[in-house]
Amino acid sequence: MNLSNLKKSYFLIIQFLLSLVSLESFRELLNDSNGGLVLPSSGKAYNDEDFLEYQRLEVDWTIKPVNPEDLPSDFCDEACRLVDEFRRKTVNEKVEWMMYFDYKTGDVIYCWKGRKGHCGGDYNSVHFQGRNIASIHSHTGGYYSFPSPENFDILENGFEDYEIITSVGAMWIVEFKGSVDKSLRLNFQFLLGVDINKMVHIIKLGHDEGDVDIIVENVISNYLLWSLDKNLNGNELILIKKEYD
Amino acid sequence: MSEEVNQRNGWGHVQKCCGIPMYPAEYHFDMERPEGISDEDICDRRKHLNKFLEKYGL
């Protein structure tokens with residue numbers, strides 16, 4: 001048995017023990033091939049197809065770096081390197097990429113390649129236990145940098161402390177530690193959607209075609225950063241935008 | 001659409017949205033109004049947004 005098979009066997013034994021409460025979950029895990037699962041004991045990633053493809057993506061060294069000062073102070077050095085690498089690897093991609101990672105160790109927990117305008121997949125929260133979880137996903141060229149109303153599942157996800165969104169010219173950090181119930185999350189998304197629909201509509205009507213994109217990016221970013229009520233049941237949603245143009 | 005569904009034995013599903021497409025692509029956020037949102041809530045929100053947009057002459 002070579003080292004790779006030994007690690008895989010060890011991983012399956014660990015997962016089996018963690019999944020004793022749910023044999024059904026363990027059977028689903030065995031069939032999973034989309035989602036880069038980390039080996040908690042070794043820090044080495046499981047050989048998932050999407051994660052292997054991510055590892056092979058070319059790094060773009062021509063773009064400005066994401067510096068540790070750009071990220072929350074509780075991100076470790078490895079996590080900061082991961083965020084910088086993720087942006088460099090995905091900035092020229094035609095599809096979105098997404099990861100869940102531990103921001104205090106830099107371990108990748110899940111990795112998905114986007115399909116049909118979205119990215120993500122199935123996860124088991126057993127892999128988040130004892131972890132400090134952030135998500136990161138990319139917006140491809142031709143899309144604004146800011147989070148859309150469809151985002152913000154972080155509000156309901158108690159396990160997810162940060163959501164990082166990378167794009168060609170900017171990076172957004174969405175921070176929400178804790179969780180609110182589903183109804184409050186839906187209310188927030190609905191009202192934000194109404195706001196954004198109106199802003200996009202008004203800007204398109206009143207400006208030259210060549211100016212629309214830059215005005216939408218600036219006006220909606222400023223609205224999200226400075227005017228949106230981000231207090232949810234006494235818990236503050238924090239939004240930060242870093243520009244790299 | 002970001003959503004968490006199928007919470008069963010710890011399993012969930014996540015989808016992060018690729019964002020809002022730039023001009024000239026069309027975008028329209030289409031979501032059914034939640035029960036907790038009243039006409040008054042929407043009216044108050046419009047007033048708040050209009051006040052913000054006035055700063056930009058919009």
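In this predicted model, A:R87 sits over the face of A:Y244, 4.5 Å from the ring centre. A second charge-over-ring contact is found at A:Y54, where A:K89 lies over the face of the ring at 5.1 Å from its centre.

Turning to contacts between rings, the count comes to 20 aromatic pairs over all chains. One of them joins A:F75 and A:Y162: with the ring centres 5.1 Å apart and the planes at 80°, over the 60 degrees required, the pair is therefore edge-to-face. This contact links distant parts of the chain, as A:F75 belongs to the loop between α3 (49-56) and α4 (77-90) of chain A, while A:Y162 is in strand β5 (residues 160-166), 87 residues apart. A:F75 has a relative accessible area of 6% and is buried; A:Y162, at 2% relative accessibility, is likewise counted as buried.

A stacked arrangement is seen for A:F128 and A:F159, whose rings are 4.5 Å centre to centre with 25° between the planes. Here too, distant parts of the chain are brought together: A:F128 comes from the loop between β3 (118-124) and β4 (133-138) of chain A, and A:F159 from the loop between β4 and β5, 31 residues apart. The relative accessible area is 5% for A:F128, which is buried. For A:F159 the value is 18%, and this residue is buried because the cut-off is under 20%.

The stacked pair is also part of a wider group, in which A:F128 and A:F159 form one aromatic cluster with A:Y100, A:Y110, A:W112 and A:Y123.

Terms used:
Residues are numbered from 1 along each chain as its sequence is written. Chains are lettered from A and ligands numbered from 1 in the order in which they are written. This is a predicted model: local features need pLDDT of at least 70, side-chain atom pairs count only at pLDDT 80 or more; totals for chains, interfaces and linings use all residues. Side-chain values use heavy atoms; hydrogens and water are left out. Rings of Phe, Tyr and Trp (its six-membered ring) pair if their centres lie within 6.5 Å; planes under 30 degrees apart count as stacked, over 60 as edge-to-face and the rest as tilted. Helices (H or I, at least four residues) and strands (E, at least two) are DSSP runs, numbered from the N terminus. Buried means under 20% relative accessible area, exposed over 50%, partly exposed in between (1.4 Å probe, protein chains only). A charge sits over a ring if NZ of Lys or CZ of Arg is within 6 Å of the ring centre and within 35 degrees of the ring normal.
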